[in-house]
Amino acid sequence: MTLHEHLQHLGSGTTYRYDQPDAALLERFPNPFARGELNPAGVTGTLNISCPEFTSLCPVTGQPDFATIVIDMEPDQWCVESKSLKLYLGSFRMHGEFHEACVCRIANDLVALLQPRWLRVEGRFTPRGGIPLWPKAEYRRPDAG
């Protein structure tokens with residue numbers, strides 16, 4: 001089995017939808033760190049993913065909000081596929097939701113898909129009214145220490 005054989009978005013035509021966040025866009029692949037044949041020394045691995053093109057709308061004013069979404073995690077059996085993550089994050093573009101709710105939704109959708117050992121999602125939003133707001137959501141699986 002190759003790590004990418006079940007991925008549907010990578011290498012195919014892309015349909016973009018910008019008005020409704022959709023966790024069904026997310027895809028995963030087996031974590032190479034968790035596979036003995038790919039990791040004979042048993043090294044541990046973490047992921048840091050920085051997505052600097054995130055946009056959503058203020059649910060009250062309709063004004064655009066811009067952010068870098070930073071995802072840090074220690075995966076268990078699964079990793080998120082990057083094109084599917086880009087499509088998923090793009091689906092927020094014309095959706096009205098507060099910063100904190102966006103970050104909470106992203107974290108919960110990734111936890112549901114990946115069941116990581118731990119995960120942190122941070123939204124580094126550009127200042128609005130001179131106030132930068134960087135909400136963080138963190139998850140640690142109870143048995144992961």
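This passage walks through the nonpolar core, the largest pocket and one buried arginine of a predicted model.

The largest nonpolar core is a good place to start. It contains 27 residues, and those with the most contacts inside it are Phe-54, Ile-71, Val-80, Leu-85, Ile-106, Leu-110 and Val-121. At least two core residues come from each of β2, β3 (64-74), α1, α2 (99-114) and β5 (118-125), with α2 giving the largest share, eight residues. Leu-85 offers a helpful view of how this core is joined: beyond its neighbours within four places in sequence, Leu-85 is in contact with Leu-26, Ile-49, Cys-51, Ile-71, Val-80 and Leu-110.

Attention then turns to the largest pocket, whose volume is about 290 Å³. Its lining is made up of 15 residues, and Glu-53, Lys-86, Leu-89, Gly-90 and Arg-93 lie nearest the centre. Two elements, β2 (47-57) and α1 (82-90), each give two or more residues to this lining. Sorted by class, the lining residues of the largest pocket are nine nonpolar, three polar and three charged.

Finally, Arg-141 deserves a closer look. This residue sits in the segment after β6 (136-140). Arg-141 counts as buried because its relative accessible area, 15%, falls under the 20% cut-off. Its side chain makes polar contacts with two aspartate side chains, that of Asp-76 at 2.9 Å and that of Asp-143 at 2.6 Å. With residues up to four places away in sequence set aside, Arg-141 touches Asp-76, Gln-115, Pro-116 and Arg-117. Asp-76 thus appears both among these touching residues and as a polar partner of the Arg-141 side chain.

Note on methods
Residues are numbered from 1 along each chain as its sequence is written. This is a predicted model: local features need pLDDT of at least 70, side-chain atom pairs count only at pLDDT 80 or more; totals for chains, interfaces and linings use all residues. Side-chain values use heavy atoms; hydrogens and water are left out. On a 1 Å grid over the protein atoms alone, a cavity is a set of points where a 1.4 Å probe fits but cannot get out, and a pocket is an open set with protein on both sides within 12 Å along at least five of seven lines; lining residues have an atom within 4 Å of a point. Grid points are joined across faces, edges and corners, and a volume is the space filled by probe spheres set on the points. Helices (H or I, at least four residues) and strands (E, at least two) are DSSP runs, numbered from the N terminus. Ala, Val, Leu, Ile, Met, Phe, Trp, Tyr, Cys and Pro count as nonpolar, Asp, Glu, Lys and Arg as charged, and the others, Gly among them, as polar. A nonpolar core is a set of buried Ala, Val, Leu, Ile, Met, Phe, Trp, Tyr and Cys residues joined through side-chain atoms within 4.5 Å. Buried means under 20% relative accessible area, exposed over 50%, partly exposed in between (1.4 Å probe, protein chains only). Contact means heavy atoms within 4.5 Å. A polar contact is a pair of N or O atoms within 3.5 Å; within protein, one must be able to donate a hydrogen and the other to accept it, and residues adjacent in sequence count only if both atoms are side-chain atoms.
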